[in-house]
Amino acid sequence: MNRQQIRKILLFWMFISLPVTLIYVSPVILVKGASEGIITGSMILITLTFIASFFVGRVWCGWFCPMGAEQELCAEIQKSPVSGGKLNCIKYGVWLLWILIIGFVIYNAGGLYAADVFYDTDSGISVTEPGAFMVYFILLGVLFLFAVIAGKRGFCHYVCPICVNFIIARKIRNLIRWPALHLDADKSLCIQCNKCSKTCPMGLDVKGMVNEGKMENPDCILCASCADICPRDAITFRFL
Ligand code: SF4
Ligand code: SF4
C-alpha cells in the first residue's frame with residue numbers, strides 16, 4: 001500500500017466516523033463549553049493539533065480532517081482550484097472573531113475550572129438525536145456547496161478558522177527556523193508536466209512553486225500528493 005492510499009483510507013475513515021467525532025472537532029462546541037467554564041474534548045483536540053502543527057504543519061488538514069475528506073470526495077465533481085485572491089482573507093476574519101468570542105466567554109464564565117472530554121455527547125457519541133442529525137446534514141451540505149461552487153477544498157481556503165491556527169504556528173516555526181515537516185524541490189529535475197498542480201487537493205500551482213523555488217505555502221496541507229505523483233522525484237517530502 002502506498003502513501004496516498006494510506007492517506008485516503010485515513011481520510012475516508014475520519015469522514016465516516018464523523019457522526020461519532022463531530023463534537024470533538026467542533027469549534028462551536030469549544031465556545032459552548034468555554035462559556036460554562038468547561039474544557040471540552042474539542043478544546044483539547046484543537047489545542048493538541050495546534051501544538052503538533054509547529055512540527056508537522058497542516059498535516060491534520062491533509063491526513064485526518066473529516067471536513068477536508070468530504071471536500072476531497074467532491075473533487076471528483078469539481079476539479080477546478082478556488083479563485084483565491086482577497087477571498088482567502090475571510091478565514092482570518094472568522095478566526096479573529098472566534099478567538100475574541102472564546103476570550104470573552106471564558107472571561108464571562110470566570111475562567112476555565114472543569115474538564116469534560118465527553119461534553120455534549122451521548123455516551124461519547126456526537127450525533128444521536130434528531131437535532132444533532134440536522135446539524136450534521138447541514139454541515140455536510142455546506143461543505144459540499146463550498147467544494148463544488150468555490151473549487152477544490154473551498155471551505156478550507158475561505159472559511160475554516162482551525163487552519164489559521166496551523167498557518168500561524170507555521171509562520172512562527174519558520175521565523176525561528178524550527179525543524180519541521182515540509183516540501184522541498186529541485187527545479188532542475190522538473191519537466192513541466194504539471195501533474196503536481198493537477199493532483200494538488202488544495203488546487204495550488206505546485207509547478208509554479210517548484211519553478212520559483214518557493215515550496216512554503218500557507219495553503220499547503222502537506223498531503224505529499226505532489227511528491228508522490230512527480231515522475232522525476234523533483235519534489236521531496238521530509239523533516240528538516
Ligand atoms: S510533477 Fe514533477 S516534473 Fe511534473 S511539473 Fe511537477 S515538479 Fe515538475
Ligand atoms: S502542494 Fe503538494 S503537499 Fe501541498 S497541498 Fe498541494 S499536493 Fe499536497
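**Salt bridges, domains and pockets**

Trainee: Let's start with E72 and R153: in what do their side chains meet?

Mentor: General idea up front: side chains of opposite charge can pair when their charged atoms come close. Here the side chains of E72 and R153 form a salt bridge, 2.6 Å from N to O. E72 sits in helix α6 and R153 in the loop between α8 and α9, so this pair links parts of the chain that are 81 residues apart in sequence. Keep in mind that we're looking at a predicted model.

Trainee: How many salt bridges does a search of the whole structure find?

Mentor: The search gives 9.

Trainee: Now the domains. Into which domains is the protein chain divided?

Mentor: The assignment splits the chain into domain 1 (3-178) and domain 2 (179-240). Contact between them takes 26 residues from domain 1 and 26 residues from domain 2. Their C-alpha centres are 24 Å apart.

Trainee: And how much area do domain 1 and domain 2 bury between them?

Mentor: About 2000 Å², with 49% of that on carbon and sulfur atoms. On the domain 1 side, R3, K152 and R170 lose the most area to domain 2, and together they make up 27% of what that side buries.

Trainee: How many salt bridges cross that interface?

Mentor: The rule finds 5 across the interface of domain 1 and domain 2. For another pair to look up in the structure, try R3 and D228, whose side chains form a salt bridge at 2.6 Å, N to O.

Trainee: Next, pockets. How much space lies in the largest pocket?

Mentor: The general trick first: rolling a probe the size of a water molecule over the atoms shows where empty space is left. For this model, the largest pocket holds about 940 Å³. Its lining has 46 residues, and L22, S26, P27, V28 and M67 are the ones nearest the centre. Helices giving two or more residues to that lining include α3 (27-35), α4 (41-56) and α10 (162-176). The biggest giver is α8, with 6 residues.

Trainee: How do the residues lining the largest pocket divide by class?

Mentor: You get 33 nonpolar, 8 polar and 5 charged.

Trainee: What volume does the second largest pocket have?

Mentor: Roughly speaking, about 470 Å³. Its lining is made of 21 residues, with R7, K8, E72, A75 and E76 nearest the centre. Recall that E72 is also the partner of R153 in the salt bridge we began with. By class, this lining has 8 nonpolar, 4 polar and 9 charged residues.

Trainee: Which elements supply at least two residues of the lining of the second largest pocket?

Mentor: Those are α1 (3-16), α6, α11 (195-199) and α13 (225-229). Of the elements, α1 gives the most, with 5 residues.

Trainee: Where does the second largest pocket lie with respect to domain 1 and domain 2?

Mentor: Between them, because domain 1 (3-178) and domain 2 (179-240) both give residues to its lining.

How values were computed
Residues are numbered from 1 along each chain as its sequence is written. Chains are lettered from A and ligands numbered from 1 in the order in which they are written. This is a predicted model: local features need pLDDT of at least 70, side-chain atom pairs count only at pLDDT 80 or more; totals for chains, interfaces and linings use all residues. Side-chain values use heavy atoms; hydrogens and water are left out. On a 1 Å grid over the protein atoms alone, a cavity is a set of points where a 1.4 Å probe fits but cannot get out, and a pocket is an open set with protein on both sides within 12 Å along at least five of seven lines; lining residues have an atom within 4 Å of a point. Grid points are joined across faces, edges and corners, and a volume is the space filled by probe spheres set on the points. Helices (H or I, at least four residues) and strands (E, at least two) are DSSP runs, numbered from the N terminus. Ala, Val, Leu, Ile, Met, Phe, Trp, Tyr, Cys and Pro count as nonpolar, Asp, Glu, Lys and Arg as charged, and the others, Gly among them, as polar. Domain bounds come from an automatic or database domain assignment. Contact means heavy atoms within 4.5 Å. Buried area is the accessible area (1.4 Å probe) that two parts lose on being put together, summed over both. A salt bridge is a side-chain nitrogen of Lys or Arg within 4 Å of a carboxyl oxygen of Asp or Glu.
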